Amino acid sequence: MATYIVLLGPPGVGKGTQAKILAERLAIPHISSGDLFRENIKNQTELGRLAQAYMTKGELVPDEVTIGMIRARLTMPDCKGGALLDGFPRTIRQAEALEALLAEFGGRVSCVPYLTAEPAVLVDRLSGRWTCRAQGHIFHEKYNPPQTPGICDLDGSELYQREDDKRETVENRIRVYFEQTAPLVEYYRRLGRLFEINGDQPIEAVTAALLAVVNPS
Ligand code: ADP
Ligand code: ADP
């Protein structure tokens, strides 16, 4: 049976960092809605143009646009055996659309690890985040620094600070998270699929806790 995993948690908690590690270990694709939007912006598509104004302000892109983009991605053949979703769903409506979509493939969300950390930790992490231009690899100037400042260890491309990692936007994103995404915690808890994990530990400790949940054998 296909394994669809949803990584839940506030901005900056470490979803992208962990998703890249887990996807490789589990040999399933990592699908990041934020990365898909950023790719569309880079390629100047219509979808990118639509998403950009919302992203710059730290608001959510409208559900119908986001759901359409994820549907197109999950329908690709590499997702037949499952996928690791990072940043989607972010609203109850998106979660319901995901259930309906996976049901079409005879699949469902099997497990929802929920990473937690205090808002002060999130702000500290986002304000020191450096992202790789080519493939979205993630670094932190203090906690996970690249070997050479400004250069990605993995593919040698330039590292940049995301426009929406500015302090005012970060605060808005965290507020938007508590208003619109936090209700998903109860949604998945009621379905019996939620596993809470302390995200305020070293990267390797969080990975170990995640592996214990997604691969319990
Ligand atoms: P998210 O995808 O949830 O927004 P990221 O994975 O992009 O979070 O991580 C946000 C920032 O925090 C990055 O700069 C990343 O290097 C750093 N980071 C991720 N996990 C940890 C951790 N366990 N401890 C310290 N810093 C971390
Ligand atoms: P982070 O993990 O640091 O919160 P993301 O890269 O996941 O950031 O998302 C960046 C921005 O992309 C969000 O602030 C939002 O504007 C948009 N976005 C990403 N995923 C979604 C989603 N599922 N629904 C609506 N907007 C989204």
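This report describes a small set of strands and the surroundings of ligand 1 in a predicted model.

Because the model is predicted, local features need pLDDT of at least 70 and side-chain atom pairs count only at pLDDT 80 or more, while totals for chains, interfaces and linings use all residues. Residues are numbered from 1 along each chain as its sequence is written, chains are lettered from A and ligands numbered from 1 in the order in which they are written, and side-chain values use heavy atoms, with hydrogens and water left out.

Three strands, in the order S6-S5-S7, make up an open sheet with antiparallel pairing; strands are DSSP runs (E, at least two residues) and helices are runs of H or I with at least four, numbered from the N terminus, and two strands pair if DSSP finds at least two bridges between them. Strand S6 (138–140) and strand S7 (159–160) are the edge strands, each pairing on one side only. Strand S5 (residues 129–132) is joined to S6 by 3 bridges, and Arg129 stands opposite His140 in S6.

Around ligand 1 there are 19 residues, the closest being Gly12, Thr17, Arg129, Phe139 and Gln201; a residue is near a molecule if one of its heavy atoms lies within 4 Å of it. The table gives polar contacts, which for the ligand are pairs of N or O atoms within 3.5 Å.

| Ligand 1 atom | Protein partner | Distance |
|---|---|---|
| oxygen | Thr17, N or O atom in the side chain | 2.6 Å |
| nitrogen | Arg125, N or O atom in the side chain | 3.3 Å |
| oxygen | Phe139, polar backbone atom | 2.7 Å |

The protein covers 93% of the 560 Å² of accessible area that ligand 1 has on its own, with areas from the Shrake-Rupley method and a 1.4 Å probe. Helix H1 (15–26) and S6 are the elements that give two or more residues to the shell around ligand 1.

Definitions and conventions: Polar contact = N/O pair within 3.5 Å; in protein donor to acceptor, adjacent residues only side chain to side chain.
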